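I opened the model to look up how its helices pack against one another and where a few chosen residues sit. My entries follow in the order in which I checked things.

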Amino acid sequence: MKIPFLGHRHDKPGAPDPEGIAELLSECELLRSQASREGVRLDDTAASLEALDQLVPRWRDDEEVLPWLGNDAGLYLGTVVVRTVPGAAWDLRPDGQPVIRLASGREFDVVASGHEWASSGVPELSQLYGEVAEA
């Protein structure tokens, strides 16, 4: 029975909206601000990841900024992957952790990778992108 004013009953309330999630996760305000101050434009391309890898890591001296920047770096890496690798999409684990899922089903925890990059610079974001794009 279809009753138009009840709406779509097959939609789960609270089901994630992939486009909304992608938009929210792509903000990365702290990273974009830091990059802009250094003259790096983050245009959601692999080349911008290479430019980030070349930045002098002044943030490593600030224990308050480091975790936030690492989070943003991971989310930005994920944004570039989702926008440039066919079949890649954001997914949320049951614990709420955003990850990238490729068409093959392989999953990447880009946020953990962003934290590693922010704290030590290794592996580089562009290197991680290359690995994900190959998979």
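I began with the contact between α3 and α4, where Ala46, Ser48, Leu49 and Leu52 of α3 meet Tyr76, Leu77 and Val80 of α4; contact here means heavy atoms within 4.5 Å. By class, this contact of α3 with α4 has six nonpolar, one polar and no charged residues, where Ala, Val, Leu, Ile, Met, Phe, Trp, Tyr, Cys and Pro count as nonpolar, Asp, Glu, Lys and Arg as charged, and the others, Gly among them, as polar.

I noted before going further that this is a predicted model, in which local features need pLDDT of at least 70 and side-chain atom pairs count only at pLDDT 80 or more, while totals for chains, interfaces and linings use all residues. Residues are numbered from 1 along each chain as its sequence is written, and side-chain values use heavy atoms, with hydrogens and water left out.

Next I looked up the geometry of that pair: the axes of α3 (residues 46-53) and α4 (residues 65-84) come within 9 Å and cross at roughly 155 degrees. The helices are DSSP runs (H or I, at least four residues; strands are E, at least two), numbered from the N terminus, and the axes are lines fitted to C-alpha atoms, for helices over the stretch in contact, with angles running from 0 to 180 degrees between N-to-C directions. I therefore entered α3 and α4 as roughly antiparallel to each other (under 35 degrees is roughly parallel, over 145 roughly antiparallel, 65 to 115 roughly perpendicular and the rest oblique).

I then turned to α4 and α5, which pack at an angle of about 130 degrees with their axes 7 Å apart, and that makes α4 oblique to α5. From the α4 side the contact includes Leu66, Pro67 and Leu77, and from the α5 side it includes Val110, Ser113 and Trp117. By class I recorded ten nonpolar, eight polar and no charged residues in the contact of α4 with α5.

Within α5 I checked Ser113, which counts as buried at 16% relative accessibility (buried is under 20% relative accessible area, exposed over 50%, partly exposed in between, with a 1.4 Å probe and protein chains only). Not counting residues up to four places away in sequence, Ser113 touches Leu77 and Leu128.

Which residues touch the most other members of the largest nonpolar core? Of its 34 residues, I found Leu52 and Val81 in that position, a nonpolar core being a set of buried Ala, Val, Leu, Ile, Met, Phe, Trp, Tyr and Cys residues joined through side-chain atoms within 4.5 Å. The helix that gives the most to this core is α4, with eight residues. Leaving out residues up to four places away in sequence, Leu52 touches Leu31, Ala35, Leu42, Tyr76, Trp117 and Leu125.

I followed Leu31 into helix α2, where Leu31 counts as buried at 2% relative accessibility. Beyond its neighbours within four places in sequence, Leu31 is in contact with residues including Leu52, Leu69, Asp72 and Tyr76. The C-alpha atoms of Leu31 and Gly70, 39 residues apart along the chain, are separated by 8.5 Å.

Last I looked up Glu38, placed in the loop between α2 (29-37) and α3, and entered Glu38 as partly exposed, with a relative accessible area of 39%. Setting aside its neighbours within four places in sequence, Glu38 is in contact with Leu55 and Arg58.
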